[in-house]
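Me: Got a minute to go through this one with me? I'd like to talk about strands and charged pairs.

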Amino acid sequence: QVQLVESGGGLVQAGGSLRLSCAASGRAFSTYGMGWFRQAPGKEREFVACISGSGVITYYADSVKGRFTISRDNAKKTVYLQMNRLKSEDTAVYYCAADPHPVYSGDAKLRADEYIYWGQGTQVTVSS
């Protein structure tokens with residue numbers, strides 16, 4: 001069983017920055033693919049970013065590319081999402097997810113249904 005706890009959400013003005021953290025349990029964290037997803041009111045959950053176990057491979061949604069950065073610290077069992085130049089359309093609940101069964105070392109998945117474990121979410125509100 002893997003537990004994920006997100007933190008770092010809050011209210012920020014457009015153009016500002018926030019850093020989300022996701023602390024994980026699990027002895028093999030360094031092998032897990034990790035992802036960030038978000039869900040705005042009335043919308044489906046959408047992919048934001050993902051990272052392979054080693055941290056070498058990352059992918060981003062086009063809507064956040066160049067503004068958001070995903071990273072991880074395997075010694076701390078934590079994955080981060082640095083969000084810069086925030087826009088009102090970034091307002092959503094942000095979820096961290098873990099894939100404990102990557103197919104290969106550079107595996108980083110983009111689909112929500114490929115992740116097994118999820119955090120409770122953290123609210124990000126960007127005021128314009």
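Reply: Sure. One term before we start: two strands count as paired if DSSP finds at least two bridges between them. Also keep in mind that this is a predicted model.

Me: OK, so which residue in β5 is the bridge partner of F37?

Reply: That's F47. The two strands involved, β4 and β5 (residues 46-51), pair in the antiparallel sense over five bridges.

Me: How many residues sit between β4 and β5 in that hairpin?

Reply: Six residues lie between them, and G42 in the turn has a positive phi of about 75°.

Me: And what's on β4 besides β5? Which way do β4 and β9 run, parallel or antiparallel?

Reply: Antiparallel, with seven bridges joining β4 to β9. One spot to look at is G33, which stands opposite D99 in β9.

Me: Is β4 mostly covered or mostly open?

Reply: Mostly covered. β4 spans residues 33-39, and six of its seven residues are buried.

Me: Switching to charges. How many salt bridges does the structure hold?

Reply: Seven. As background, side chains of opposite charge can pair when their charged atoms come close. Take R38 and E46: they form a salt bridge whose closest N and O atoms are 2.6 Å apart.

Me: R38 first: buried or exposed?

Reply: R38 counts as buried because its relative accessibility is 5%, and the cut-off for buried is under 20%.

Me: What about E46, then?

Reply: E46 is partly exposed, with a relative accessible area of 35%. That value falls between the 20% and 50% limits, so neither of the other two labels applies.

Me: Which residues are linked with R38 and E46 in a network of salt bridges?

Reply: R67 and D90 are in that network with them. D90 and R67 also form a salt bridge with each other, where the closest N and O atoms are 2.8 Å apart.

Me: Where in the chain do D90 and R67 sit?

Reply: In distant parts of it, 23 residues apart. D90 is in the loop between β8 (78-83) and β9 (92-99), while R67 is in the loop between β6 (58-60) and β7 (68-73). Both residues are buried.

Me: Any salt bridge with an exposed partner? What does R111 pair with?

Reply: R111 pairs with D113, and their closest N and O atoms are 2.9 Å apart. D113 has 57% relative accessibility, so it counts as exposed.

Me: Back to strands. What's the order in the open sheet of four?

Reply: The order is β1-β3-β8-β7, and the pairing is antiparallel. At the edges are β1 (4-7) and β7, each of which pairs on one side only. Neighbouring strands of this sheet are turned by 15° against each other on average, ignoring direction.

Me: How many bridges join β7 to β8?

Reply: Six, with the two strands running antiparallel. In that region D73 stands opposite T78 in β8.

Me: Tell me about T78. Why does it count as buried?

Reply: Because its relative accessibility is 9%, which is under the 20% cut-off.

Me: What does T78 touch, leaving out residues up to four places away in sequence?

Reply: S21, C22, A23, F29, R72 and D73. Separately, a polar atom of the T78 side chain lies 2.9 Å from the backbone oxygen of K76.

Note on methods:
Residues numbered from 1 in each chain as written. Predicted model: local features only at pLDDT ≥ 70, side-chain atom pairs only at ≥ 80, totals over all residues. Heavy atoms only, no water. Salt bridge = Lys/Arg side-chain N within 4 Å of Asp/Glu carboxyl O. Buried < 20%, exposed > 50% of the residue type's maximum accessible area, 1.4 Å probe, protein only. Axes fitted to C-alpha atoms, helices over the stretch in contact; angles between N-to-C directions. Polar contact = N/O pair within 3.5 Å; in protein donor to acceptor, adjacent residues only side chain to side chain. Contact = heavy atoms within 4.5 Å.
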